[in-house]
Amino acid sequence: MISQLIQFIFSGITTGSTYALAALGFTIIYNASGVINFAQGEFIMLGGMSAVFLADAGVALPFAIILAVGITGLAGMVLEKLAIEPAKDAEVVTLIIITIGASLTIRGLVQVWLGKGSHALAAFSGDTPIAFFGASLMPQSLWVIGVMLLVVMLLSWFFGRTLLGKAMLATSHNKLAAQLVGINTRMILLLSFGMSAVLGALGGILIAPMTYTSYDVGIMFGLKGFVAAVLGGLGGGAGAIFGGLILGIAEALTAGYVSSAYKDAVPFILILLILFFKPSGLFGSYVSERV
């Protein structure tokens with residue numbers, strides 16, 4: 001029984017790490033603009049699908065991954081430049097609707113480009129399971145968790161040590177004050193969309209060797225990333241990480257001990273409970289202006 005529990009928890013941490021990366025993407029854009037970017041799931045899909053396409057075209061896997069991340073980051077900035085910036089004075093609800101439209105557009109373009117079939121990416125370190133206290137762990141799981149931890153450390157350094165990171169933090173706290181001291185908030189918003197897309201792409205690429213990817217996988221990943229962000233307290237990076245891990249473990253335990261048929265219902269049950277009993281999230285504080 002202990003080995004089975006370890007298996008479920010490790011599986012949950014693996015998928016939860018992907019949700020955490022998606023949640024961080026939501027958080028970065030929300031902090032910069034107050035907008036919930038519902039195209040975040042499509043960044044996850046685009047990263048995985050681009051990596052598969054490039055690898056199948058003969059590009060070496062490391063270069064395929066780098067190019068896929070770059071393509072997705074560029075797509076995020078194009079989205080901000082063509083769709084968000086022209087509507088910068090619109091209501092937040094309007095901007096959210098624009099991101100939903102962008103999501104549908106990206107999904108449709110990838111469907112035309114690569115078709116409706118499912119695709120898989122080669123595992124980074126082979127498929128030989130690693131024995132751990134009676135549980136079998138896939139090497140790719142270690143990649144997912146390791147990259148997530150590396151991203152967390154890099155973001156901590158970026159926001160705490162670099163001038164650009166501090167400018168992003170200043171913009172998130174008070175956009176008008178940031179403008180008054182000379183911060184280019186328009187550039188900050190563009191950068192936030194690019195960073196959000198890169199985080200999504202990393203999640204999509206890392207999980208692609210473990211689960212098949214296709215043009216429509218971004219729907220559920222995006223929704224679960226949003227739930228993870230709300231669960232942790234939308235607006236906080238640490239909350240997004242813990243929210244993703246909690247959601248992933250809750251899903252894995254439900255699938256293991258109840259039924260896999262109920263796994264996808266877990267995020268929606270959690271978000272309802274959070275909205276009813278603690279709208280600010282488990283690690284967030286109540287801010288009336290953002291409700």
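In this predicted model, helices α10 and α11 cross with right-handed geometry. Helix α10 spans residues 237–257 and helix α11 covers residues 266–277, and their axes come within 10 Å of each other, crossing at roughly 130°. Angles over 145 degrees would count as roughly antiparallel and those from 65 to 115 as roughly perpendicular, so α10 and α11 are classed as oblique to each other. On the α10 side, the residues in contact are L247, A250, E251 and T254, and these meet V266, P267 and L270 of α11. Sorted by class, this contact between α10 and α11 comprises 5 nonpolar residues, 1 polar residue and 1 charged residue.

A second helix pair worth a look is α2 with α8. Here helix α2 (residues 40–56) packs against helix α8 (residues 185–207) at an angle of about 55°, and the two axes lie 7 Å apart. The arrangement of α2 and α8 is therefore oblique, and their crossing is right-handed. From α2, the contact draws on Q40, F43, I44, G47, G48 and A51; from α8, it is made by S196, A197, G200, A201, G203, G204 and I205. The α2–α8 contact divides into 6 nonpolar and 7 polar residues, with no charged residue taking part. Glycines appear on both sides of this contact, with G47 and G48 in α2 and G200, G203 and G204 in α8.

Notes. Residues numbered from 1 in each chain as written. Predicted model: local features only at pLDDT ≥ 70, side-chain atom pairs only at ≥ 80, totals over all residues. Heavy atoms only, no water. Axes fitted to C-alpha atoms, helices over the stretch in contact; angles between N-to-C directions. Helix = DSSP H or I, 4+ residues; strand = E, 2+ residues; numbered from the N terminus. Parallel < 35°, antiparallel > 145°, perpendicular 65-115°, else oblique. Left-handed = near helix turned anticlockwise from the far one by under 90°. Contact = heavy atoms within 4.5 Å. Nonpolar A, V, L, I, M, F, W, Y, C, P; charged D, E, K, R; others polar.
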